[in-house]
Structure formats: structure tokens, C-alpha cells
Amino acid sequence: MKNFATVLKIAPAFLLASTVIHAQKKDSLPQEKKIDEVVLIGYGKQKKSDLTGSITSVTAKDFNGGATSAGQLIQGKTPGVQITNNSGAPGSGTKIRIRGTSSLSGENSPLIVIDGVPQDFVGMNGVSDPLSLINPNDIETFDILKDASATAIYGNRASNGVILITTKKGTAGKFKVNFSTVTSVSTKMGKVDVLNAQEFRDFVNTYAPAGYKTKLGNADTDWQDQIYQAAWGTDNNVALSGGIKGLPYRLSLGYNEQNGIVKSNSFRRTSVGLNLNPKFFDNHLSVNVNAKGTFTDNRFVDGGVIKAATYFDPTQPVYSGNSNYGGYYEWLDSGSATGYNVNANSNPLGLINGVRDVSSVLRGLGNIQLDYKFHFLPDLHFNVNAGYDYTKSDGHKFKDARLRPGFEDKGSSNFYSMEKKNKLLETYFNYVKNISAINTGVDITAGYSYQDFNIYLPGAITYRGTGINSQDLDFKTQNTLISFYGRAIFTIANKYVISGSVRKDGSSRFFNGTRDNVWGVFPGVSLAWKLNEESFIKNISSISTLKLRAGWGKTGQQELPALNGNKPNNYPAFAAYNPSYQGAGYQFGNEYYFMFRPANYNPNLTWETTTTKNLGLDFGFNKNRITGSIDVFRKDTKDLLVYADEPAGGLSNASWQNVGDMKNEGIEGSITVIPVKNQNTTWEVSFNATHYKPVITKLKDRADESFNMEVGGIEGGSGNRIQAHAVGYAPNSFWVYQQIYDNNGKPVDGAFVDRNGDGVINTKDMYYYKSTTPDAILGFSTKVSHKNWDFALSARAVLGNYVYNNAASNSSLQSASTNEYLQNVFSTAPQYKFAVPQYKSDIYVENASFLRLDNINVGYNFGEIFTKGSNLKVYAMAQNVFVITKYSGVDPEVFGGIDNGYYQMPKIYSLGFNFQF
């Protein structure tokens with residue numbers, strides 16, 4: 001959408017040509033660094049062997065190949081971390097959960113910190129996932145802080161864990177060039193199991209009245225084939241690194257283009273990154289400059305396209321044979337002002353071509369970090385980190401007047417934009433000293449943090465061909481976080497490690513006119529005993545590492561869902577007047593005016609608090625050819641943030657409240673084995689497993705045992721929900737009726753078990769049946785290198801999770817005889833023979849356990865084929881290779897557990913080249 005995007009996109013090609021010409025022949029291959037021996041812990045680093053908290057580090061050598069977003073790099077790589085793709089659309093990103101959920105309505109995503117800059121939790125208009133704006137090829141490591149003893153240093157944003165992302169840096173030395181290019185093709189996994197044309201004819205002729213049988217067409221159209229395509233993609237990256245007179249640098253450029261498997265869907269990202277790491281004053285002053293810029297172009301597909309392709313009558317043709325509605329076949333209604341049946345599904349191709357929804361997003365993220373080692377006291381460091389994160393999006397959604405989506409308005413154009421400005425200033429002192437007199441190492445940190453978040457959404461303007469235009473109101477808000485924190489780590493005799501931290505957060509989020517709920521204190525403490533350093537174990541050559549860990553800590557949660565769109569709910573506790581929404585104007589004469597009205601608020605609102613206890617064991621045997629860890633944990637969350645009903649007399653019948661408690665107990669473990677390691681061959685195998693069980697222990701005070709909070713909206717009927725929160729059950733449990741079956745195992749239409757035995761079937765007979773929480777999450781990966789060949793694969797399994805099949809529940813005999821059109825049905829409809837949809841039947845809650853082979857790749861390193869010190873590697877890769885599951889839908893991995901028009905994950909086949917000079 002921007003002219004300068006074209007320049008940025010072709011820049012890598014020109015840069016590559018230049019660097020090839022000037023590449024130095026004496027350059028050598030970069031040597032592997034043991035970067036995994038030191039782990040980031042938040043405002044500092046620590047030897048991996050000295051860690052007391054539950055922290056996992058994943059480095060670039062273990063990343064998944066072919067990732068187009070940051071989360072995909074570590075999918076399945078570490079225990080306790082579940083990463084689910086938002087959808088198969090390019091740029092859609094991922095949802096990350098660490099050790100399950102800690103909140104019912106608040107945020108459950110971890111805090112992301114990129115090069116020392118904490119990110120916000122607010123989405124961005126025109127972007128599916130803000131993290132997709134970061135080029136994954138620039139990332140060096142993920143350090144994942146999982147228990148509260150490790151995360152408490154981040155205070156009221158750390159209840160769901162913290163992920164520290166470090167990008168690649170330059171190293172002093174010879175000039176190096178790395179260029180990689182990947183070309184890929186994506187195809188669909190499968191199709192929703194609906195009836196084909198002949199099956200649908202038989203269905204209608206069997207169950208529909210005569211008037212509807214005449215509506216059948218003569219075509220044989222597979223609507224899902226019509227919307228899907230084989231989509232190509234490319235990912236190109238060039239990086240220059242080295243040192244100029246003591247100035248280490250790394251400059252990277254990237255261009256990623258991915259087309260979606262649904263026609264017209266696309267994602268394009270151009271990125272640039274610069275890292276400078278000089279030292280001054282005899283290495284007493286270290287400077288780290290990180291600057292990243294991305295520009296993305298998105299074309300989104302209408303959210304109803306996949307559902308339309310699922311349900312549209314397969315006996316009808318794609319085109320009508322006339323020019324109405326762009327020539328696409330649509331269901332007609334002579335009594336409608338538009339001429340088409342407003343209740344009927346839209347032609348899927350008419351939706352694709354009738355809506356053009358595009359956006360351009362510019363993001364700049366940078367910080368400068370100064371670390372000064374005092375000349376008079378070299379053990380004392382003073383660190384200053386100043387950062388700025390700017391994002392600007394512009395979007396345009398156009399609906400063609402000739403096609404059904406824009407026909408009623410005679411065409412429309414909606415223009416929207418959003419701007420985010422986040423500022424950071426952090427300072428801390430760090431004192432590190434080994435006191436030999438008492439054989440104790442001391443690491444003490446004390447600091448201050450200021451972070452300010454500003455968001456501005458100009459009122460979106462919609463122009464319509466009818467002349468009835470509209471504009472939303474502008475929205476502007478600010479949120480500020482001020483913090484003081486400290487940490488002390490004592491390492492005694494290299495055997496015993498004691499760590500304690502505390503953070504005091506002051507947040508404007510819960511300002512109510514006073515400072516009563518503004519400040520919170522979040523402590524953490526942990527211990528480690530390095531058993532392998534004890535004399536009774538130290539001489540056992542087979543034991544390389546053996547360490548016990550124990551931790552306790554408190555963290556907070558202050559994030560609430562957006563008001564609407566991406567407008568953060570920044571002041572839910574403050575009494576204020578806000579402009580009324582569209583459609584709520586006050587009439588004076590013939591004009592309607594926006595008025596200011598009192599906003600609903602709760603002056604007693606405060607953050608959730610999670611207390612975590614963790615016990616862990618780290619082990620390594622046979623010179624660490626076998627390594628791993630086991631952790632058991634319990635998280636107790638109180639003052640859950642929930643939007644709940646309130647007594648009459650207030651400004652609304654519901655408000656945000658702190659209403660309940662929840663516990664979550666679990667166990668996780670990982671093991672890595674290197675069965676073969678010699679000069680020519682290395683083979684490594686890794687496995688991890690996680691189990692957790694969240695249970696709600698309290699909801700509203702004085703509520704009886706039947707009280708619940710319905711969630712999980714589904715399509716069909718009006719306001720139907722299929723999940724609920726209830727005391728004694730997992731969050732988002734399915735709340736359903738128990739289906740009755742006949743002697744042949746067939747479901748009986750409208751017959752449910754009278755669970756309370758009162759002779760009446762009503763909501764008192766509904767029960768909590770399964771949930772979206774899995775029994776176990778498993779990850780497996782292996783990699784083999786033999787001489788110049790290498791091979792790797794990674795797989796995941798999720799066991800005991802359940803998904804509600806909304807496509808099946810929305811299908812019944814009624815689909816052949818309602819609202820003067822025909823609607824295709826899921827394959828179970830003629831089997832179940834339900835006269836009308838039975839949305840609340842437990843028959844649609846399906847076991848969605850699965851085994852997925854995420855990634856498999858093989859590569860060959862040709863070595864120095866150009867010049868001395870150069871290198872060429874060629875590799876082939878397949879992603880989402882297969883899924884084994886009993887789930888009847890296309891993809892069992894549906895975030896939220898409700899499958900309704902889900903954009904499936906594609907199968908991707910890639911060929912890549914990597915050049916080094």
C-alpha cells in the first residue's frame with residue numbers, strides 16, 4: 001500500500017549482489033558458541049548450573065524450521081509451554097500458554113520481553129498477531145521463565161510466565177555474509193466432511209417437503225475446492241556482521257511473502273534489523289543498540305468464507321448465467337429489497353471477490369542499553385535501558401456494489417487506523433562479588449522501571465453508495481506502570497544457591513481516584529542444592545549434574561479484554577463519563593447527537609494474584625550425554641477478574657469484579673539423549689511431557705452450587721453458549737445435556753438423561769462434560785548429522801483435549817426445509833436424523849486428541865564451493881506432515897475448543913538454500 005514498500009522488498013537482492021562482490025576470501029565459518037551455559041533471568045543473567053527457578057532456554061540451533069512467526073520456532077520444544085496456531089492464515093501467529101491458565105477472563109498469555117523491552121498485551125488493528133511483526137530469523141534465544149520465583153521480578157504482568165527473546169548480535173572479527181532463501185508451496189490438509197452433490201440430493205429428497213425438493217440444482221460443485229488453492233511463498237534473509245574498529249555490528253534484511261490456501265489471502269513482511277555492541281573506557285562501558293523495523297502488507301479473507309463453503313448447496317453452480325450479483329449464483333427472494341435471500345448463505349466465491357480487506361502496518365522497536373562498570377569498584381555495574389516501540393496501521397475494507405456483500409449499501413469503503421507508542425526507561429545497580437573469606441558469591445540487583453503505553457484510534461470512516469455514511473468516535477488512552485524491584489542471589493561453596501526477589505508495582509490500571517489499589521508487592525524466593533558438588537556424589541563419574549530446586553512466589557495479573565476492537569480497558573475502577581456509542585445518540589428535533597454518559601466502573605477492582613510453589617530436579621549423566629529436568633508445581637490464583645452480574649441499582653447489570661479463586665496443579669519433565677557423538681556422526685533425541693489440572697475453587701460469594709458463568713459462544717440459535725465456569729470444574733468446561741441412545745447405538749432425537757430424576761428435562765439436568773484442558777501435552781524431536789548430511793524432525797501430541805464440532809451441531813433435517821433455501825449439512829446429519837439442531841447435546845463434544853508431525857527436514861552441506869571460507873547448504877522441508885486423530889473435523893487443534901469455520905493449518909513443502917561468505 002505504501003510506495004516505499006517496493007524499495008524495501010527489492011533491497012535484499014541489491015544488497016546480496018553487493019556483498020557477494022565485496023565478500024572477503026579469508027573469512028571463516030562462525031564457530032559454535034556455548035550460549036546455552038548462560039541464561040537470562042530478567043534484569044541479569046545467571047549460569048545455567050546455578051539456576052534456582054524453573055527456567056528453560058531454547059537456542060537457534062534447536063528452533064523449528066520454516067517458522068513464519070516467533071512462537072512457531074519453539075512449538076513443542078519445551079515442557080509446560082503449549083503453543084497453538086491462531087489459524088492457518090499467513091501472519092496469524094500463535095497463542096502461547098505456560099502451564100495452562102491462571103485467569104478466567106483476564107489475559108492468559110505470557111509477558112514477552114524483546115531485547116529488554118516488555119511488550120504490551122494490546123492487539124493491533126490490521127494485524128492478526130503483533131508478534132508476527134518480528135522477523136523470526138533475527139531471533140537468537142528464548143529464555144522461558146515459568147514459576148513465580150523466577151517471574152516475580154516482573155510483578156503484576158507475570159502470572160502467566162515470562163518469555164525473554166534475545167535477537168542476534170554482531171561479533172568483533174571478520175566481515176561475514178549470510179544469505180538464505182526458501183521457496184514453499186502450501187496445500188490444504190483436508191475438507192469439512194459435508195455431503196457431496198449426490199448425497200445432498202438424496203438427503204433433500206428424503207427429508208424435505210415437496211416445495212424444497214424443487215430448489216435442488218443440477219450442478220456438482222465442491223465449494224471447498226472452489227475456495228482453496230495451492231499457495232506459494234518465499235522467505236529471503238541477508239545478514240552482514242563483523243566489527244569495524246572495535247564496533248561489532250549486525251545488519252539484517254528480510255522479505256517474507258506468504259499466500260494463504262484460501263484464495264486472495266496474503267501476508268508480506270519486509271524487515272530490517274541493526275545491532276551495535278561497542279565498548280568504551282577500557283571495556284568499562286558496554287553499549288547495546290538494538291533497532292528493528294518491519295513493514296507488513298496484509299490481505300485478509302472474509303471470516304464467513306469457510307463457513308459459506310461448508311454449507312452452500314453443492315447442487316448449485318458457481319455462476320448464475322446472468323450479471324446479477326457479479327454473475328455469482330445467490331439464493332433469491334423476490335420479496336426482499338435487495339432481491340436476495342438475506343437468511344441464506346452467501347456464494348463463497350462472491351464473498352472472496354466481493355470483499356477486499358487490506359492493511360499496511362509499520363513497526364519500529366528499538367532500545368539502547370548502557371552498562372557501566374565503575375572504575376573505582378569494578379564489581380558494581382550501573383545499567384540504563386531506554387526503549388521505544390512504535391506501531392502504526394492503516395486499513396481499508398472495500399465491498400463491491402455489484403456483489404452480494406456490498407449490494408445493499410451500493411458499495412462501501414471503510415477506512416481505519418491505529419497508532420501505539422510505548423516508552424520504557426529502566427535503571428538498575430548490579431553488584432557481583434565472590435567473597436572468598438566465606439566462599440560465597442553475591443549477586444545483588446536493585447532497580448527502577450517506568451513504562452508508558454499510549455494508544456490512539458481515529459474514528460473509522462465508512463462511506464456507502466447509499467450516501468448514508470458513518471464515522472466512529474476517536475479513542476485515545478494511556479496506561480502507566482512504575483516499579484521498584486530488587487533481587488539477591490547467594491551462591492555458597494558452589495553447592496547451595498539462595499535467591500530472593502521483590503517488585504513493587506504502581507499501575508494506573510486500577511486507579512479509582514485514590515491510591516488504595518494502585519500499588520502491589522510481589523515477592524519470590526527460591527533455593528537450589530547442587531548435589532553433584534557434594535563429596536559423596538562428586539566422584540561418581542557417571543553423574544554430571546544433579547540439582548534440587550524449590551521456589552515460591554507471588555505474581556499479578558492486570559490485563560482485561562478490550563472494550564471493543566483493540567481498545568484497552570484502562571480505567572475500569574475510575575468514575576468517568578464517556579461518549580455514547582453509535583446507535584445510542586440522543587434526538588433533538590431531526591438530528592441525533594452523541595452524549596456523554598456515565599461509564600460503568602468498580603472502585604474496588606484490583607489485580608489477580610497468583611501464588612506458585614515449585615519443586616524441581618535437574619539431572620545430567622555420562623558427561624551430560626543424558627540431560628533433563630522434572631518439575632512439580634501448584635498455582636493458586638485469587639481475586640479472579642470476571643465480568644459478572646451485579647445487583648440492580650448500579651449503572652449496569654454487570655461489571656468487572658474480583659469474584660473467585662482457582663488452583664492449578666501439574667507436573668512437567670524433559671529429557672535429551674545423545675546416543676551417538678563422534679567425529680562424523682551426532683544423533684540427539686529430545687522428549688518432553690506436561691500435565692496440569694486447573695480447577696475453579698470459588699466464584700461469587702453467596703452463590704449456590706448450581707451457579708455458573710456461561711462462556712463459549714457458538715453459531716446457531718440466538719446467544720447460545722456451550723461452555724461454562726463452575727466451582728469444582730476446569731475453566732471452559734462443556735456444559736451440555738447427556739444424549740440418550742437406542743439399542744442400536746443411535747442417538748434419540750431430543751432425548752436426554754434426566755440426571756436429577758425429577759421427571760423434567762431442563763437446565764438442571766445439564767452437566768459439565770470434559771473441557772479444553774488436555775490430560776497431557778507431549779513433544780518429541782530428533783536430529784542427526786552425518787558428515788555433510790543432516791536430518792531433523794519434530795512432533796507433538798496432545799491427549800485428552802475435547803473440541804465442540806459446531807459444523808456438525810448446526811446440521812439437522814431442518815437444513816433442507818428452512819427460510820426458502822437449501823443448506824448443506826455435516827455427514828452426521830442423515831445418521832443422527834435430528835429434526836432440529838440439538839446444540840446442547842454432548843454428542844458434539846468430541847475427543848480431539850492428536851499426534852502431529854510438525855516438521856521434517858533433510859539438508860546437505862556442500863562446503864567451500866565458491867571461495868575459501870564460504871559455505872552452501874541446501875535443504876528440503878515439510879511442515880504439518882500428518883495428523884493422527886479421531887476427531888471428525890479437519891483439524892483437532894482449535895484454540896478455544898469450538899470448531900466453527902476454522903481456517904485450517906496448511907501442509908507446507910519447502911526448498912531452501914543457505915549461503916555463507
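This tour moves through a predicted model, from a sheet to a set of salt bridges, then to two nonpolar cores and a buried aspartate.

**The five-stranded sheet**

Begin by selecting residues 55-59, which form strand E3, and bring up the open sheet to which E3 belongs, whose five strands run in the order E3-E8-E9-E6-E7 with mixed pairing. Strand E3 and strand E7 (117-118) stand at the edges with a single partner strand each, so one side of each has no neighbour in the sheet. Next add residues 139-145, strand E8, which pairs with E3 in the antiparallel sense over five bridges. To find the register between these two strands, select Ile-55, which stands opposite Leu-145 in E8.

**Salt bridges between distant parts of the chain**

The structure holds 37 salt bridges, and a few of them make useful stops. Select Asp-120 and Lys-420, which form a salt bridge whose closest N and O atoms are 3.1 Å apart. Asp-120 lies in the loop between E7 and E8, while Lys-420 belongs to strand E18 (residues 412-435), so this pair ties together parts that are 300 residues apart in sequence. Is Lys-420 buried or exposed? Lys-420 is buried, with a relative accessible area of 5%.

Move on to Lys-307 and Glu-715, another salt bridge, in which the closest N and O atoms are 2.9 Å apart. Here helix H6 (residues 305-311), which carries Lys-307, is linked to the loop between strand E36 (709-713) and strand E37 (721-725), where Glu-715 sits 408 residues away in sequence. Lys-307 is partly exposed at 21% relative accessibility, and Glu-715 is also partly exposed, with a relative accessible area of 28%.

Now select Asp-790 and Lys-873, whose side chains meet in a salt bridge of 3.1 Å, N to O. Asp-790 is part of strand E43 (residues 789-799) and Lys-873 part of strand E47 (residues 871-885), so the pair ties together parts 83 residues apart in sequence. Both ends count as partly exposed, Asp-790 at 21% relative accessibility and Lys-873 at 25%. After this pair, display Arg-796, Arg-852, Asp-854, Asp-891 and Glu-893 together, since salt bridges that share partners join these residues into one network.

**Asp-891 within the network**

Stay with Asp-891, which lies in the loop between E47 and strand E48 (898-899) and counts as buried at 1% relative accessibility. What joins the side chains of Asp-891 and Arg-852? A polar contact of 2.7 Å does, and a polar atom of the Asp-891 side chain also lies 2.9 Å from the backbone nitrogen of Glu-893. With neighbours within four places in sequence left aside, the residues in contact with Asp-891 are Met-189, Arg-852, Asp-899, Tyr-902 and Met-905.

**The nonpolar cores**

For the last stops, select Phe-203, Val-204 and Val-262, which touch the most other members of the largest nonpolar core, a set of 35 residues. Helix H3 (197-207), helix H5 (223-227), H6 and helix H7 (348-354) each supply at least two residues of this core, and the largest share, four residues, comes from H6. Centre the view on Val-262 and show its surroundings: beyond neighbours within four places in sequence, Val-262 is in contact with Ile-227, Tyr-228, Gln-229, Val-301, Val-305, Ile-306, Ile-352 and Tyr-903. Apart from this core lies another, of 22 residues, which can be located by selecting Phe-63, Ala-70, Phe-142 and Ile-165, which are among its members.

Key. Residues numbered from 1 in each chain as written. Predicted model: local features only at pLDDT ≥ 70, side-chain atom pairs only at ≥ 80, totals over all residues. Heavy atoms only, no water. Pairing = 2+ DSSP bridges. Salt bridge = Lys/Arg side-chain N within 4 Å of Asp/Glu carboxyl O. Buried < 20%, exposed > 50% of the residue type's maximum accessible area, 1.4 Å probe, protein only. Core = buried A, V, L, I, M, F, W, Y, C linked by side-chain atoms within 4.5 Å. Contact = heavy atoms within 4.5 Å. Polar contact = N/O pair within 3.5 Å; in protein donor to acceptor, adjacent residues only side chain to side chain.
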